[in-house]
Amino acid sequence: MEQQQPPQCALEAALKRSDAVDESTPLVRGYTFDGASALLACESSSRRDPPREGSAANEAPSKADGDIRESDGAATATAGATERGEAGTATAVGDGADSMREVGETGSLTGVGGAASVAVDYQQLMSRMLTTGFQATCLGQAINEVNRMLAWRLSHDPPKADDTEEERDPAFRSSVRCKIFLGFTSNLMSSGLRETFCFLAKHRLVDVIVTTAGGIEEDVIKCLAPTLLGDFALPGKELRAKGLNRIGNLLVPNNNYCKFEDWVLPLLDRCLEEQKTQGVLWTPSKLIDRLGESINHEESVLYWAHKNCIPVFCPAITDGSLGDMLYFHSFRSPGLVIDLVEDIRRMNSEAVHATPRRTGVIILGGGLPKHHICNANMMRNGADYAVYINTANEFDGSDSGARPDEAVSWGKIRGDATAVKVHCDATIAFPLLVAETFARHWQQEPVKQQEPGKQTEQKN
């Protein structure tokens, strides 16, 4: 009996051609919350407006075998489709903020067979997560926990006997907010969550960022060349032959890293020169800040972190392409020194000297960012609020899979905290969480950005 072959996706078919990636290949993009007021307002209507000119609804159905359509949101691609609605159709989902706004405005859902139209209230949908059960309830609890972080003011707590005169001032107390640490693994920067991180950094909605080396370099690389959307099942051997590197169902062409090398090596030359002539002591966070300043690109998370004085820590800065560049540079121009000890002092100080502020931690994924943030908060007897989003389990004893209660035993989270873990892919859960927390908070209380040329070091 002949063995059935799995359906061939369009990119797999493309690998058999000489032009492995062409203009039809979808780019990896995420949803940006800027300007999405209608989504956040969650206004419902049972009426569906006619599609706007040029919208996805007005486009002709795709009849090309294995067609892939590009979009600003996400895209899925399979082969063998002849028209929209059939199995295997290539579909483009979303059009950035515009499509999300359209959903928020029309808010209608066609029933089975098109017989009914029901208004969808997205705010109510998200609020019902709390009572749905399983991980939906955990997501609802995480939304509540983040909203508690955002709502807290020092004025909510009674003054202490050792408070300074300033700390007793009512106006000062009402202005002091929770200090929020955001941690994420590098794969999430490779994904469309980069746009969500950019929103948070642009509007100064988080205070400290911790990630891995890939989380640094991928942000810069995406300013130089796009990451592509592929498939989990693409064969590694063929991808290797075509110069395509797979991250789950994402693809990064080798040429992207060549562009990064051409861009970053001259920057490392300048860093070495400043070290020699000005006595600059480089640390990972200081180098990352220079990367954000030099890329000067508004789609970059590091650019906005630099502009808004948000420190970005990466203690494993050599564990990625950036480490490869430092390795190559050490042969071409030896002598550049990056001091890790200075950064651990600075990172721990972000937590220790946060007082009288409370601290909250939001950690996507596990590994180094998770432990680095939790360990820093141990220095102040634990974070006051905590949300974990990851798919790891605790039964192998790994820190990545450990539940918040394990961190309580170490003093990394306070015993009276209502910490939450959501067992979910962060690319699904985090945009929903941000929509119901940071985005609403920003809409109600916009935070003023730092003016160019007037940066000041943020107080701990």
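Is Arg-414 buried, exposed or partly exposed, and what is its relative accessible area? With a relative accessible area of 25%, Arg-414 is partly exposed, because it falls between the limits of under 20% for buried and over 50% for exposed. Keep in mind as you look around that this is a predicted model.

## Arg-414 and its partner

Arg-414 has company: its side chain meets that of Asp-384 in a salt bridge, with 3.0 Å from N to O. The two residues sit in distant parts of the chain, 30 residues apart. Arg-414 belongs to the loop between helix 18 (404–410) and strand 13, while Asp-384 belongs to the loop between helix 17 (367–378) and strand 12.

The two ends of this pair are worth comparing for exposure. Arg-414 is partly exposed, whereas Asp-384 has a relative accessible area of 15% and counts as buried because that value is under 20%.

## The sheet

Strands 12 and 13 bring us to an open sheet of six strands with parallel pairing, arranged in the order 10-6-5-11-12-13. Its edge strands are strand 10 (312–313) and strand 13 (420–423), each of which pairs on one side only.

Strand 12 covers residues 385–390 and pairs with strand 13 in the parallel sense over four bridges. If you would like a spot to look at in this pairing, Ile-389 stands opposite Val-422 in strand 13.

## Other salt bridges

How many salt bridges does a search of the whole structure find? The total is 15. One of them joins the side chains of Arg-358 and Asp-157, again at 3.0 Å from N to O. Arg-358 lies in the loop between helix 16 (340–352) and strand 11 (359–364), and Asp-157 in the loop between helix 5 (134–151) and helix 6 (165–168), so this contact ties together parts that are 201 residues apart in sequence. Arg-358 counts as partly exposed, at 25% relative accessibility.

The loop between helix 5 and helix 6 also holds Asp-163. This residue forms a salt bridge with Arg-173, with the closest N and O atoms 3.3 Å apart. Since Arg-173 lies in helix 7 (residues 170–175), the pair ties together parts that are 10 residues apart in sequence. Both Arg-173 and Asp-163 are buried.

## A shared network

Where salt bridges share partners, they can be followed from residue to residue. Arg-29, Glu-195 and Glu-299 are joined into one network in this way.

Conventions: Residues are numbered from 1 along each chain as its sequence is written. This is a predicted model: local features need pLDDT of at least 70, side-chain atom pairs count only at pLDDT 80 or more; totals for chains, interfaces and linings use all residues. Side-chain values use heavy atoms; hydrogens and water are left out. Two strands pair if DSSP finds at least two bridges between them. A salt bridge is a side-chain nitrogen of Lys or Arg within 4 Å of a carboxyl oxygen of Asp or Glu. Buried means under 20% relative accessible area, exposed over 50%, partly exposed in between (1.4 Å probe, protein chains only).
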